[in-house]
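Start with the aromatic side chains, then work outward to the whole chain. Keep the model in view as you read.

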Amino acid sequence: MRLWLTIGALSGLVSVALGAFAAHGLQARVGAAELAAFETGARYHMFHALALLAVAWVAAQGGGTFAQAAGWAFFVGTILFSGSLYYLGLTGSRALVLVTPIGGIAFLAGWLALAFSAWTLKNGG
């Protein structure tokens, strides 16, 4: 539980910092498409920082292996999905564009694992 609370909180911090950077420092330096990609990365980053807090709660309730799988899927998804969009936004390079959907699939797997973990809680949450 402590791992996911810590990673979720730090991930939220990074998301807010990068979102502020996009709004105040990046806007004048890149095109609209690059800025939109970066902002999408920051938005999904924040969604999944909050999801990690949900993982921590489910894990604390006895969520077991599926809660852990959800946490790792959200973590990997954030790195691949949001990271590739941050890269695109900062550089304009589409070199990592094929990584983005893999991160999206990791997000989907994380949500499915979290749902399964929550559904199978022994104490009903």
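Ring pairs join Tyr44, Phe47, Phe81 and Phe107 into a cluster. This is a predicted model, and every value below is computed from it. Within the cluster, look at Phe81 and Phe107. Their ring centres lie 5.5 Å apart, with 55° between the planes, and the pair is tilted. A tilted pair has planes neither under 30 degrees apart nor over 60, so the 55° of Phe81 and Phe107 falls in that class. Phe81 sits in helix H3 and Phe107 in helix H4, so this pair ties together parts 26 residues apart in sequence. Both of these phenylalanines are buried.

The structure holds 10 aromatic pairs in total. Another of them is made by Trp4 and Trp72. Here the ring centres are 4.9 Å apart and the planes meet at 80°, so the pair is edge-to-face. It links distant parts of the chain: Trp4 belongs to helix H1, Trp72 to helix H3, and 68 residues separate them.

Are the two tryptophans buried or exposed? Trp4 has a relative accessible area of 0%, so it counts as buried. Trp72 has 43% relative accessibility, so it counts as partly exposed. The cut-offs explain both labels: buried means under 20%, and partly exposed runs from there up to 50%.

Follow Trp4 inward. The largest nonpolar core has 19 residues, and Trp4 is among those with the most contacts inside it, along with Val55, Ala70, Phe74 and Leu114. Which elements give two or more residues to this core? They are helix H1 (2-26), helix H2 (32-60), helix H3 (64-91) and helix H4 (100-119). H2 supplies the largest share, with seven residues.

Val55 shows how this core is put together. Leaving out residues up to four places away in sequence, Val55 touches Trp4, Ala67, Ala70, Gly71, Phe74 and Leu114. There is also a second, separate core of seven residues, including Ala22, Leu26, Phe38 and Ala42. As a general background, nonpolar side chains in soluble globular proteins tend to be buried together.

Now follow Trp72 outward. Together with Leu3, Phe75, Val76 and Ile79, Trp72 makes a nonpolar surface patch of about 440 Å². The largest share of the patch, four residues, comes from H3. Val76 is one of the patch residues, and it lies in helix H3. With 36% relative accessibility, Val76 counts as partly exposed. Trp72 therefore takes part in two features: the edge-to-face pair with Trp4 and the surface patch.

Step back to the whole chain. Its secondary structure comes to four helices and zero strands. Read from the N terminus, the order is α-α-α-α. The C-alpha atoms fill a box of roughly 50 × 25 × 15 Å along the principal axes.

How many of the 125 residues count as buried, as a percentage? The figure is 39%. The chain exposes about 6800 Å², and carbon and sulfur atoms supply 73% of that area. Contacts across the sequence are the last point. Among contacts with a separation of 6 or more, 73% join residues 24 or more positions apart. The ring pairs described above include examples of such spans: 26 residues for Phe81 and Phe107, and 68 for Trp4 and Trp72.

Definitions and conventions
Residues numbered from 1 in each chain as written. Predicted model: local features only at pLDDT ≥ 70, side-chain atom pairs only at ≥ 80, totals over all residues. Heavy atoms only, no water. Core = buried A, V, L, I, M, F, W, Y, C linked by side-chain atoms within 4.5 Å. Buried < 20%, exposed > 50% of the residue type's maximum accessible area, 1.4 Å probe, protein only. Contact = heavy atoms within 4.5 Å. Areas by Shrake-Rupley, 256 points an atom, 1.4 Å probe, with all protein chains shown as cover. Phe/Tyr/Trp six-rings, centres within 6.5 Å; stacked < 30°, edge-to-face > 60°. Patch = residues over 30% accessible without salt bridge, like charges linked within 9 Å, V, L, I, M, F, W, Y side chains within 5 Å. Salt bridge = Lys/Arg side-chain N within 4 Å of Asp/Glu carboxyl O.
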